[in-house]
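Hi,

Here is the structure I promised to pass on to you. Have a look at it first, and then read my notes underneath.

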Amino acid sequence: MAQNIEIGPNGVRLVQPETEIRRDRDRDRRPDRREISEREAIRIARGEGLRDVDRVRRTDRAYRISGSDRRGRDIQVVVDRRRGDVISVR
């Protein structure tokens, strides 16, 4: 049976083919747990017209950034915590 060589932070090691396939399958099942930071959420909200930030609330799935726009009107931008998509602007 052929073996593969893996070079990584822990050095060089031999990998059995079935182990490599199993690891790829496990990687596909695991959801990506990375989420955007509060700072990134504020940057995204500024792109939607928010100028002055009054409050940032973190919910289970989103950041709710409240503040005002350049004309002084109240505005709230809701940003998805995982993808960084804008959910709503009010």
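Below is what I found, going from the sheet to the hairpin and then to one serine.

Please keep in mind that this is a predicted model.

**The sheet.** Four strands make up an open sheet, ordered E3-E4-E5-E6, with antiparallel pairing. Strand E3 (52–58) and strand E6 (86–89) are at the edges; each has a single partner strand, so one side of each has no neighbour in the sheet. From one strand to the next, the twist averages 20°. Within this sheet, strand E4 (residues 62–68) and strand E5 (residues 74–80) run antiparallel and are joined by seven bridges. As general background, strands of a sheet pair through backbone hydrogen bonds, in either a parallel or an antiparallel way.

**The hairpin.** Strand E1 (residues 4–8) and strand E2 (residues 11–15) also run antiparallel, joined by five bridges. Two residues lie between E1 and E2, and the two strands form a hairpin. Asparagine 4 is opposite valine 15 of E2.

**Serine 68.** This residue belongs to strand E4, and its bridge partner in E5 is aspartate 74. Is serine 68 buried or exposed? Its relative accessibility is 11%, and buried means under 20%, so serine 68 counts as buried. Leaving aside residues up to four places away in sequence, serine 68 touches Gly49, Leu50, Arg51 and Asp52, as well as Arg73, Asp74 and Ile75. Asp74 is thus on the contact list of serine 68 and is also its bridge partner.

Happy to talk it through whenever suits you.

Best wishes

Terms used:
Residues are numbered from 1 along each chain as its sequence is written. This is a predicted model: local features need pLDDT of at least 70, side-chain atom pairs count only at pLDDT 80 or more; totals for chains, interfaces and linings use all residues. Side-chain values use heavy atoms; hydrogens and water are left out. Two strands pair if DSSP finds at least two bridges between them. Axes are lines fitted to C-alpha atoms, for helices over the stretch in contact, and angles run from 0 to 180 degrees between N-to-C directions. Buried means under 20% relative accessible area, exposed over 50%, partly exposed in between (1.4 Å probe, protein chains only). Contact means heavy atoms within 4.5 Å.
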